[in-house]
Amino acid sequence: MSATTTSASKVADKPAGDALRFYGVWLVGIAALIVLPMIFSSGGSLTSFSLIGIAIVFALSYNILLGQTGLLSFGHAVHYGLGGFAACHVMNAVVSHGWPIPLPFIPLFGGLGGLAFAMIIGWVMTKRAGTVFSMISLGIAELVASSSLILRSVFGGESGVSTDRTALPKMFGWTFGPQLQVYYLIAFWLVISAIAMYALTRTPLGRISNAVRDNPERVQFIGYDPHVVRYIAFCFAGFFAGVAGGLAAINFEIANSAYLGAIQSGLVLFSTFIGGVAFFFGPILGAILVTYLQLGLTSVTGVWQLYFGIIFIGIVMLSPGGIAGLVMMHRPLARAGTLPTLIPSYLVAAVPTLALACGVILTIESIARTHSGQGSPINLFGVAFNPASPVTWASAAVLIFGGFFVARLSWRRVADAWDRAATVARDRGYLA
Amino acid sequence: MLELIVISTLNGLLFGMLLFLLSSGLTVIFSMMGVLNFAHASFYMLGAFFGFQLTKWIGFWPALLLAPLLVGAIGMAVERYGLRNTHKHGHVAELLLTFGLAFAIEEIVAMMWGRSPVDYRVPALLDFPAFTIFSTNYPAYKIFMLAVSILIFIVLLMVLKRTRVGLIVQAALTHPHMVGHLGHNVGRIFMLVFGVGSALAGIAGVIAGPALVTQSDMAAALGPILFVVIVFGGLGSLPGAFIASLVIGLVQTFAVALNGSLASAFGPLDPSMGPSVLTDIWNVTIAQVAPIVPYLLLVIILIVRPMGLMGTRET
């Protein structure tokens with residue numbers, strides 16, 4: 001993560017076209033958020049959109065730590081969960097005391113819940129960066145998650161704290177009973193949070209966070225305390241994670257100890273890293289992909305978490321920049337116009353790679369279905385495989401080994417094609 | 001009361017030695033390669049499950065030998081084909097690789113053996129009470145576990161401190177380039193150390209499996225405590241890991257055994273308030289708090305002594 005440029009290098013002396021394109025991207029994003037539920041208006045897709053929106057806010061908040069400040073936290077769900085609990089308690093208090101606080105303001109209280117915890121514990125946690133920080137965040141997360149089952153009056157024990165979002169004072173006559181209205185509430189907070197977090201990357205604080213990530217000693221020499229910078233970044237991340245937790249509490253009308261747990265922390269780490277930490281839009285891509293996979297795969301296979309793990313390992317090993325890194329890698333080539341020369345070799349490489357993937361899927365599914373006792377056939381692209389038959393195993397083996405060797409050769413050719421394209425792009429001045 | 005103290009001390013020592021068996025491998029790997037192996041507890045779990053499966057096929061004693069070797073081989077493969085390639089992307093990528101690996105191993109184990117505990121029994125040869133103290137029968141198998149742990153501890157110490165191999169390994173910890181220039185294959189040393197560390201975790205798994213519960217979430221349950229141990233003891237310090245293992249083993253065992261709460265200790269002073277955080281804290285028993293005791297210790301030590309008990313590095 002050394003060659004990271006979190007949206008940094010394009011500030012001054014750029015033509016007006018770039019500014020237009022920059023605001024255009026944001027406007028298109030907002031327009032898409034407004035229009036999407038009108039096109040896909042089924043209940044299922046509205047629920048998915050809501051979940052994705054929450055996941056994006058959460059992943060972006062995580063990237064304040066991981067991508068910008070270089071802090072790998074294994075316990076980010078603590079802020080998310082505490083934000084969720086804070087939102088639930090505030091909602092219940094609003095209802096019982098009759099305070100005039102409408103629902104759209106509730107995520108703010110969630111954010112304050114996450115922020116409060118970050119402010120209390122962050123000072124000790126951010127004393128050290130790197131591996132030590134990771135371990136401490138893991139320990140603190142376990143501490144909070146275990147305590148949540150002991151302190152029943154606050155966390156509601158196993159069952160959690162439930163609430164009723166429709167009982168709050170109305171705003172613009174919206175009851176927030178229908179999922180569509182909740183979706184727009186989430187979309188509104190998504191836009192606000194995304195703009196705020198993007199703006200944060202452009203402030204001096206955002207820049208000095210990047211410096212702390214890359215070289216804390218030099219930051220110290222120019223008179224900033226890396227500890228303080230990390231602490232402030234940690235507080236911001238805690239706040240926005242709390243906002244995401246508050247949104248989740250509104251969406252599900254409940255907060256329980258699962259919000260705080262290791263699985264939630266792991267998921268946000270997966271989303272952010274798979275998407276790519278070096279660019280602002282990376283975590284957005286990752287959150288969309290992971291949430292979509294999570295929703296889509298659970299209905300298809302019983303071992304979807306294993307596929308997650310494999311995808312994650314693959315990304316870490318092959319493309320540590322994540323999906324965003326892969327996409328941005330092609331930008332200079334696209335500008336230089338040499339990208340089309342790559343496409344044939346990509347297509348060639350795709351075939352054995354897909355075969356390899358199919359082989360792996362076939363193997364995993366055969367094992368899973370044999371061991372779970374249900375010998376239901378595996379349907380792969382319209383071809384049914386019987387998990388118990390030797391034909392399945394043989395074809396899986398052929399796909400894996402054959403696919404692996406051919407893929408290795410063909411990806412080597414992609415690398416050659418890449419080198420040629422990059423050389424041309426460099427000659428044309430598009431690649432440093 | 002004396003009975004409770006003696007039994008808990010024995011159990012605490014046992015748990016502490018098991019923790020040390022795991023954390024020693026983790027610590028050596030960390031101080032060598034600078035990467036905290038998140039999958040270490042998963043190797044422990046693999047050891048337990050391989051032990052279970054091999055015991056079913058070929059009996060316990062061959063399994064005790066074979067399962068750690070298998071786990072060690074997997075560890076070496078992980079180092080050779082995973083970590084070594086990821087090294088150029090930095091320590092965060094390495095840590096994340098082992099994190100993903102831990103996740104994948106848990107899912108694979110759940111896929112192969114299911115999510116409920118498997119029936120991994122103590123071998124018949126050791127299935128008898130070793131001695132009776134205060135009317136409690138102390139199982140022989142636990143004594144065997146303790147003996148194996150201590151034996152491995154001594155062997156590890158001897159190898160590291162007294163042999164030429166230990167000399168090279170220790171030199172590679174601090175001066176990998178110099179060791180390389182002297183003609184040793186540092187890459188292979190790393191791979192072997194990683195394999196030995198994983199095999200140690202595997203041994204712990206095989207012998208702990210029958211005494212504790214062997215199921216697919218045992219790594220997730222133990223992993224965080226393992227990290228508490230090595231942060232508590234001071235990252236990269238083997239003596240620190242030893243002390244921390246024993247402290248945490250003893251503290252947690254005693255906490256589980258004690259059933260007191262503030263309410264039982266100061267019963268007459270009961271403030272008898274409505275349900276609130278304070279009444280929760282008032283009524284919670286020490287046994288209920290036991291799971292969070294290690295993490296409380298972690299927070300306290302970080303406030304008091306951020307580099308850990310025996311740590312020297314201020315990262």
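Select A:Ile192 to begin: this residue of the predicted model sits in helix α7 (residues 179-202) of chain A. Helices are DSSP runs of H or I with at least four residues, strands are runs of E with at least two, and both are numbered from the N terminus. A:Ile192 has a relative accessibility of 40% and therefore counts as partly exposed; that class lies between buried, under 20% relative accessible area, and exposed, over 50%, with a 1.4 Å probe and protein chains only. Add A:Gly321 to the selection and draw the C-alpha to C-alpha distance: the two residues are 129 apart in sequence and 26 Å apart in space.

Residues are numbered from 1 along each chain as its sequence is written, while chains are lettered from A and ligands numbered from 1 in the order in which they are written. In this predicted model, local features need pLDDT of at least 70 and side-chain atom pairs count only at pLDDT 80 or more, whereas totals for chains, interfaces and linings use all residues; side-chain values use heavy atoms, with hydrogens and water left out.

**Chain A as a whole**

Widen the selection to chain A, which holds 17 helices and 4 strands. Its radius of gyration is 24 Å, close to the 22 Å of the globule rule for 432 residues, so chain A is as compact as a globular protein of that length. The radius is taken over C-alpha atoms, and the rule is 2.2 Å times the number of residues to the power 0.38. The C-alpha trace of chain A spans about 70 × 60 × 45 Å along its principal axes.

Colour chain A by accessibility: 51% of its 432 residues are buried. The exposed area of chain A is about 19,300 Å², with 71% supplied by carbon and sulfur atoms; areas come from the Shrake-Rupley method with a 1.4 Å probe, and for residues only the protein chains shown count as cover. Of the contacts in chain A between residues at least 6 apart in sequence, 77% join residues at least 24 apart, where contact means heavy atoms within 4.5 Å.

**Helix α11 of chain A**

Next, select residues 262-275 of chain A, helix α11. Its 14 residues reach 20 Å from the first C-alpha to the last, close to the 20 Å expected at 1.5 Å a residue; the expected span is 1.5 Å times one less than the number of residues. Which residues of α11(A) are buried? The helix is mostly covered, with 11 of its 14 residues buried, and these include A:Ser265, A:Leu267, A:Phe270 and A:Phe273.

To see what covers the buried residues of α11(A), display α2 (43-69), α3 (77-97), α12 (282-300), α13 (304-318) and α14 (322-329) of chain A; the cover also includes α4 (91-113) of chain B. After α11(A) comes A:Gly276, whose phi is positive, near 115°.

Keep A:Gly275 displayed and add A:Leu112, a residue of helix α4 (residues 106-125) of chain A. The C-alpha atoms of this pair, 163 residues apart along the chain, are separated by 27 Å. A:Leu112 is partly exposed, with a relative accessible area of 42%.

**Helix α12 and a positive phi**

Move on to α12(A), whose 19 residues reach 26 Å between the first and last C-alpha, close to the 27 Å expected at 1.5 Å a residue. Its buried residues include A:Gly282, A:Pro283, A:Val290 and A:Leu297. Among the elements covering the buried residues of α12(A) are α2, α11, α13 and α14 of chain A.

Then centre on A:Glu253, in the loop between α10 (226-252) and β2 (254-255) of chain A. Most residues other than glycine have a negative phi. A:Glu253 has a positive phi, near 60°, and at 23% relative accessibility counts as partly exposed.

**Chain B**

Finally, select chain B, which has 14 helices and 2 strands. A compact globule of 315 residues would have a radius of gyration near 20 Å, and the 21 Å of chain B agrees. Its C-alpha trace spans about 75 × 50 × 40 Å along the principal axes, and 52% of its 315 residues are buried.

Within chain B, pick helix α2 (residues 40-58): its 19 residues should span 27 Å at 1.5 Å a residue, and the end C-alpha atoms are 26 Å apart, which agrees. In α2(B), 15 of the 19 residues are buried. B:Gly59 follows this helix, with a positive phi near 95°.
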